[in-house]
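Notebook open, coffee at hand. Today I am going through one model, helix by helix, and jotting down what I look up.

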Amino acid sequence: MNNINDKFTKVTEVTLVFWIIKILATTLGETGGDALSMSLELGYLVSTGIFAVLFAVAVIVQILTKKFHPFVYWTTIIATTTVGTTLADFADRSLGIGYAGGTTILLLLLTASLLIWYRVLGSVAVGTVSSPISEVFYWITIMFSQTLGTALGDWTADTAGLGYGGGAIVFGTMLAVIAAAYYRVKISHTVLFWAAFILTRPLGAVVGDLLDKPIMNGGLAISR
């Protein structure tokens, strides 16, 4: 799953450190999104608009850079998590379609993004992200995956009744299974990457909620 060609320097190598930072970034995105929409009471729609602008700016800067810059890359990742958080909450709660409806719609959007990307460029592997058009597909797909992950995390913790701790165990276990499959099962590493990438988001979502939700709701009530 690592990049093996020095030509592709604008997307970070997929290593253990990548996954650790990714989970931390998604947790930060969950609390950051909630801080704006809930703590500052701007609402999901306004917050989504603000984060969407920040996401667009971050993607443009990332595409315009000539080589890989860790700060720019991870800023863009965090931007996808914050807009993903508020967009998922807006779809699930403000539009009244619920977690199941929001998860279904977002899964369809993510699948469409991957299929169109594959149809246009012939591959969705991270190692092929070397042109502006592939970067656009890469970041749109990541944004949809982050949004889907938020809805999936909320669905698991609330609707399924597993709570935030239970949700963290479920998604952590699923990621461990994917990691084992990477080394022991002959499954496309590209498929495993995107599966893991999607699952890190609900893990970050439930961990973020575990940290800041009220104790009576199963959280630790730590200030956002």
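Which residue with a positive phi follows α1? I looked, and E41 follows α1, with phi near 55°.

**Ground rules**

I am working with a predicted model, in which local features need pLDDT of at least 70, side-chain atom pairs count only at pLDDT 80 or more, and totals for chains, interfaces and linings use all residues. I number residues from 1 along each chain as its sequence is written, and side-chain values use heavy atoms, with hydrogens and water left out.

**Entry: E41 and helix α1**

I take helices as DSSP runs (H or I, at least four residues), numbered from the N terminus. E41 sits in the loop between α1 and α2. Its positive phi caught my eye, since E41 is not a glycine. For background, most residues other than glycine have a negative phi. I then checked accessibility, where buried means under 20% relative accessible area, exposed over 50%, and partly exposed in between (1.4 Å probe, protein chains only). E41 counts as exposed because its relative accessibility is 68%.

Next I checked the length of α1. The expected span of a helix is 1.5 Å times one less than its number of residues. With 24 residues, α1 reaches 33 Å from its first C-alpha to its last, close to the expected 34 Å.

I also stopped at D34, which belongs to helix α1. D34 is buried, at a relative accessible area of 1%. I paired D34 with G204: they are 170 residues apart in sequence, and their C-alpha atoms are 13 Å apart in space.

**Entry: helix α2 and its faces**

Helix α2 covers residues 44-64. Its 21 residues should span 30 Å at 1.5 Å a residue, and the end C-alpha atoms are 30 Å apart, which agrees. I listed the buried residues of α2 as Y44, S47, T48, F51, F55, A58, V59 and Q62. Looking down the axis of α2, I find these buried residues within an arc of 100°, so they line one face of the helix. The arc is that of the directions from the helix axis to the C-beta atoms. A reminder to myself: an α-helix has 3.6 residues a turn, so residues three or four places apart point the same way. On the other side of α2, I find V53 and L64 exposed.

What do the buried residues of α2 pack against? I find α1 (16-39), α3 (70-94) and α5 (132-159) as their partners.

**Entry: how the helices cross**

For axes I use lines fitted to C-alpha atoms, for helices over the stretch in contact, with angles from 0 to 180 degrees between N-to-C directions. Contact means heavy atoms within 4.5 Å. Angles under 35 degrees count as roughly parallel, over 145 as roughly antiparallel, 65 to 115 as roughly perpendicular and the rest as oblique. A crossing is left-handed if the near helix is turned anticlockwise from the far one by less than a right angle, and right-handed if clockwise.

- α1 and α2: their axes come within 8 Å and cross at roughly 135°. That makes α1 oblique to α2, and I note a right-handed crossing. In this pair, G32, G33, L36, S37 and M38 of α1 meet Y44, S47, I50 and F51 of α2.
- α2 and α3: the axes come within 8 Å and cross at roughly 155°. The two helices are therefore roughly antiparallel to each other, and α2 passes α3 in a left-handed crossing.
- α4 (residues 98-121) and α5: they pack at about 160°, with axes 9 Å apart. That makes α4 roughly antiparallel to α5, again with a left-handed crossing.

**Entry: helix α3**

I counted 25 residues in α3, which reaches 35 Å from first C-alpha to last, close to the 36 Å expected. Just after α3, G96 takes a positive phi of about 70°.

**Entry: Q146, F193 and S223**

Is Q146, in helix α5, buried or exposed? Q146 counts as buried, at 0% relative accessibility. Leaving aside neighbours within four places in sequence, I find Q146 in contact with K22, T26, I77, T80, T81, G84, F197 and R201.

F193 lies in helix α7 (residues 189-212) and is buried, at 3% relative accessibility. The C-alpha atoms of F193 and V14 are 8.7 Å apart, with their positions 179 residues apart along the chain.

Last, I looked up S223 in the segment after α7, and S223 counts as exposed at 69% relative accessibility. S223 and L211 are twelve residues apart in sequence and 8.2 Å apart in space, C-alpha to C-alpha.
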